Amino acid sequence: MFTAQQYVKAATLEEAWQLNQKRSTTLLAGGCWLRLTRRRVGTLVDLSGLGLDTIEETESEFSLGAMVTLRQLETSEALNGAFGGLFKEMTRHIVGVQFRNCATLGGSIAARFGFSDLLCALLALDCEVELFKAGRMPLEQYAKMPADRDILVRIFVKKNGRRPVYQTMRNAETDLPVLAVAASEKDGQVRVVVGARPARAEVVNAPLALAADKAALEAFQAAMQSQLTFAGNMRGSEEYRRHLANVLTGRCLAALQEG
Ligand SMILES: Cc1cc2nc3c(=O)[nH]c(=O)nc-3n(C[C@H](O)[C@H](O)[C@H](O)COP(=O)(O)OP(=O)(O)OC[C@H]3O[C@@H](n4cnc5c(N)ncnc54)[C@H](O)[C@@H]3O)c2cc1C
């Protein structure tokens, strides 16, 4: 459990950002991860009073506040209707409902955990993040950045007809994934993202057509295997993860081809 010398419920993003420029400050979202740490925090800045807990929809995109909970994502009919149930699929294995009522989108994405289901799945969609000072940038760019002291404010998800699917392998129903693969199709081309390798989720930079046959899929898998790093840990060996990446990629492509 962490301890904090001072607690501040931020009234504005500017106040939260100013306080967070000190290295001894820590931002508090759902607190589900933080509570497991042994940090000695100077100032704990609570983001829950900033109105960042809304899911908004326009004609062209969804805007998801950083304090939206995993449960809000899981149960949103608008999001799940627009993206084939992806938001339910990427959250439903995470611990349990009570936990998902606390843990947030912002805490999940800002922490950029290698095992993150959310980061892997959202990279398959066309998303941008909004940081309080740095402004909007593609999620893929943000995912590659090292941790900094800016504040993740919202995530924008484009409604552009991209069709996603998401597959994970877990040793037990609510454990962290051993490996995760998200894929999406738009205009006949498929984007594949592989996470929990156990390194951070990454987009595969090789072409894959929706109509790919067995040989084309194998060529894609060979490119994926040489681009991405895989490693072993207590959940699975490097060799097992490489095998799973091929299996789950094949399943994702088959699911997209079936429509
Ligand atoms: C036991 C356990 C099992 C888990 N299993 C899974 C799993 O299977 N799959 C999965 O994807 N995830 C899993 N998670 C991670 C979980 O889903 C959340 O990602 C995690 O709890 C962080 O969200 P939070 O709201 O609790 O953030 P917090 O714990 O409050 O914060 C986490 C970190 O992010 C920073 N932060 C929070 N919000 C912002 C912001 N808006 N801008 C900048 N920085 C910010 C905080 O300062 C802190 O460093 C698990 C977590 C736990 C504790």
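Helix 6 (residues 105-111) gives the most to the shell around the ligand, contributing 4 residues, where helices (H or I, at least four residues) and strands (E, at least two) are DSSP runs numbered from the N terminus. The model is a predicted one, in which local features need pLDDT of at least 70 and side-chain atom pairs count only at pLDDT 80 or more, whereas totals for chains, interfaces and linings use all residues. Residues are numbered from 1 along each chain as its sequence is written, and side-chain values use heavy atoms, with hydrogens and water left out.

Strand 2 (25-28), like helix 6, supplies at least two residues of the shell. Of the 33 residues around the ligand, those that come nearest are L27, G31, T104, S108 and D117, a residue being near a molecule or strand if one of its heavy atoms lies within 4 Å of it. The shell divides into 20 nonpolar, 8 polar and 5 charged residues; here Ala, Val, Leu, Ile, Met, Phe, Trp, Tyr, Cys and Pro count as nonpolar, Asp, Glu, Lys and Arg as charged, and the others, Gly among them, as polar.

Polar contacts (pairs of N or O atoms within 3.5 Å; within protein, one must be able to donate a hydrogen and the other to accept it, and residues adjacent in sequence count only if both atoms are side-chain atoms) link the ligand to both side chain and backbone. An oxygen atom of the ligand is 2.7 Å from an N or O atom in the side chain of S108, while polar backbone atoms of C32 and W33 are found at 2.9 Å and 3.0 Å, respectively, from an oxygen atom of the ligand. Taken alone, the ligand exposes 970 Å², of which the protein buries 90%, with accessible areas coming from the Shrake-Rupley method with a 1.4 Å probe and, for residues, only the protein chains shown counting as cover.

Strand 2 also belongs to an open sheet of 3 strands, which has the order 1-3-2 and parallel pairing; two strands pair if DSSP finds at least two bridges between them. Strand 1 (3-9) and strand 2 are the edge strands, each pairing on one side only, and the twist averages 30° from one strand to the next. Between strand 2 and strand 3 (residues 40-46) there are 4 bridges in the parallel sense, and L27 has V45 of strand 3 as its bridge partner. Helix 1 (residues 13-20) lies across strands 1, 2 and 3, at about 145° to strand 2. Contact means heavy atoms within 4.5 Å, and axes are lines fitted to C-alpha atoms, for helices over the stretch in contact, with angles running from 0 to 180 degrees between N-to-C directions.

A further open sheet consists of 4 strands in the order 9-10-11-12, with antiparallel pairing. Strand 9 (163-169) and strand 12 (202-203) stand at its edges with a single partner strand each, so one side of each is left without a neighbour in the sheet. Strand 11 (residues 189-195) is joined to strand 12 by 2 bridges, and V193 stands opposite V203 in strand 12. Helix 10 (residues 238-258) lies across strand 9, strand 10 (179-186) and strand 11, running at about 30° to strand 10.

In the loop between strand 11 and strand 12 lies P198, which is joined to R197 by a cis peptide bond with an omega of about 10°.
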